[in-house]
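Q: Hi! I am new to reading protein models, and I would like to learn how to go through one feature at a time. Could we look at one together?

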Amino acid sequence: MAVYTDINEDDLRQFLKAYDVGELLSYRGIAEGVENSNFLLHTEKFPLILTLYEKRVDEGDLPFYLGLMQHLADRGLSCPLPLARDDGEPYGRLCGRPAALISFLEGMWLRKPAATHCRELGVALARMHIAGQDFELTRKNALALRGWVDLWDKSAARADEVQKGLENEITEELASLEDRWPVDLPEGVIHADLFPDNVFFIGDKLSGVIDFYFACNDFLAYDLSICLNAWCFEKDGAFNVTKARALIEGYQSVRPLDKEEIEALPLLCRGSALRFFLTRLYDWLNTPAGALVVKKDPLEYLRYLRFHRSVETASEYGLERT
Ligand SMILES: Nc1ncnc2c1ncn2[C@@H]1O[C@H](COP(=O)(O)OP(=O)(O)OP(=O)(O)O)[C@@H](O)[C@H]1O
Ligand SMILES: N[C@@H](CCO)C(=O)O
């Protein structure tokens with residue numbers, strides 16, 4: 001459960017006075033997520049999500065994240081709407097942390113997504129990329145190559161505690177990605193963390209996307225590579241090419257990939273696998289004892305990374321040869 005910061009009822013009632021939501025009826029911490037502290041609130045007017053932003057969210061980026069949700073919702077994408085305070089500010093402060101209220105989205109995330117859900121995801125991802133094209137704010141990806149090197153510098157010395165040989169393997173992988181990382185692919189606003197727990201479905205229909213707190217400007221196809229990692233491996237570690245094909249076909253039904261994006265896909269998948277390996281490894285080694293959070297296994301992403309290293313062309317992801 002991700003509740004790093006405990007709130008008390010009096011402070012919460014005080015915080016809510018700045019919003020037009022009526023009286024607080026009830027609230028509880030949400031037993032999901034690893035990044036921020038989230039609470040479900042029932043107020044006289046409607047249910048809401050309260051988020052207290054924690055370690056990886058820089059307060060200066062909040063106008064980008066909250067503005068992006070508003071922008072995408074205005075263009076018909078189903079994502080949470082931030083609630084403005086009565087003074088017009090997009091967020092306030094609670095227990096010493098920046099804190100925002102966003103609308104509650106109906107739906108459930110899927111524990112076992114099937115190929116049909118992957119196709120829906122692909123369609124939604126491409127629509128999001130297109131809708132993001134005229135968003136006026138920009139945010140550099142803090143977890144791109146430079147960020148990976150910084151994370152690795154903080155973890156490398158202890159990596160072999162998690163698995164023998166990791167220090168060498170990841171050092172070599174980083175060097176190889178630094179040499180070969182693409183420089184000129186189509187860019188735009190990407191979600192950058194579109195895992196199954198951030199996508200809600202009602203029945204088999206995708207009902208909404210949440211958690212824009214890693215969103216940034218980067219290669220659009222990098223976002224697709226994140227989804228290939230997060231949605232297309234089975235619990236036993238096998239890559240499910242049927243899901244991958246469905247995801248990519250769904251994406252291309254809205255936004256066809258160009259030749260360079262297709263060629264770069266195996267490398268982008270290696271990069272995104274490494275990105276989640278590194279944040280998980282850092283958290284594995286550094287999460288304070290007592291935090292109410294389930295740590296995620298970095299080695300899962302090491303296995304994915306090794307798989308992508310063995311991939312020669314994007315046809316292995318179910319794409320037609322170019
Ligand atoms: N707008 C929303 N509507 C409904 N439920 C929500 C909403 N936002 C968050 N939640 C609930 O809170 C949980 C955690 O939210 P979120 O994914 O934003 O947290 P996080 O700590 O940033 O997680 P992550 O580990 O995915 O980065 C979600 O799985 C969902 O159950
Ligand atoms: N989706 C991430 C956690 C949130 O950044 C992971 O599974 O490692």
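Q: Let me start with a ligand. Which classes of residue make up the shell around ligand 2, and how many are in each?

A: Happy to help, and please keep in mind that this is a predicted model. The shell around ligand 2 holds three nonpolar residues, one polar residue and four charged ones. There are eight residues around this ligand, and the closest are Asp 193, Phe 195, Phe 276, Arg 280 and Lys 296.

Q: And which residues come nearest to ligand 1?

A: Those are Glu 32, Gly 33, Glu 35, Pro 80 and Asp 211, out of 19 residues around ligand 1. Sorted by class, this shell has ten nonpolar, four polar and five charged residues. Both domain 1 and domain 2 contribute to the shell around ligand 1, with at least three residues each.

Q: Where do the two domains lie along the chain?

A: The domain assignment places domain 1 at residues 9-102 and domain 2 at residues 109-317. Taken over C-alpha atoms, their centres are 26 Å apart. In the contact between them, domain 1 supplies 19 residues and domain 2 supplies 18. On the side of domain 1 that touches domain 2, you will find eleven nonpolar, four polar and four charged residues.

Q: Now for helices. What describes a pair of packed helices?

A: Two things: the angle between the axes and the distance between them. Try helix 6 (residues 220-231) and helix 8 (residues 259-286), whose axes come within 8 Å and cross at roughly 60°. The two helices are therefore oblique to each other. Helix 6 passes helix 8 in a right-handed crossing. Among the residues making this contact are Tyr 222 and Ile 226 of helix 6, and Leu 265, Leu 268 and Phe 276 of helix 8. In total, ten nonpolar, four polar and one charged residue take part in the contact of helix 6 with helix 8. You have already met Phe 276, as one of the closest residues to ligand 2.

Q: At what angle do helix 6 and helix 7 cross?

A: Here the angle is roughly 150°, and the axes of helix 6 and helix 7 (residues 241-252) come within 10 Å. That angle makes helix 6 roughly antiparallel to helix 7. The crossing of this pair is right-handed. Leu 224, Cys 227, Leu 228 and Trp 231 of helix 6 meet Lys 243, Ala 244, Leu 247 and Tyr 251 of helix 7. By class, seven of the contact residues are nonpolar, none is polar and one is charged.

Definitions and conventions:
Residues numbered from 1 in each chain as written. Chains lettered and ligands numbered in written order. Predicted model: local features only at pLDDT ≥ 70, side-chain atom pairs only at ≥ 80, totals over all residues. Axes fitted to C-alpha atoms, helices over the stretch in contact; angles between N-to-C directions. Helix = DSSP H or I, 4+ residues; strand = E, 2+ residues; numbered from the N terminus. Parallel < 35°, antiparallel > 145°, perpendicular 65-115°, else oblique. Left-handed = near helix turned anticlockwise from the far one by under 90°. Contact = placed C-beta atoms within 7 Å. Nonpolar A, V, L, I, M, F, W, Y, C, P; charged D, E, K, R; others polar. Near = placed C-beta within 6 Å. Domains from an automatic or database assignment.
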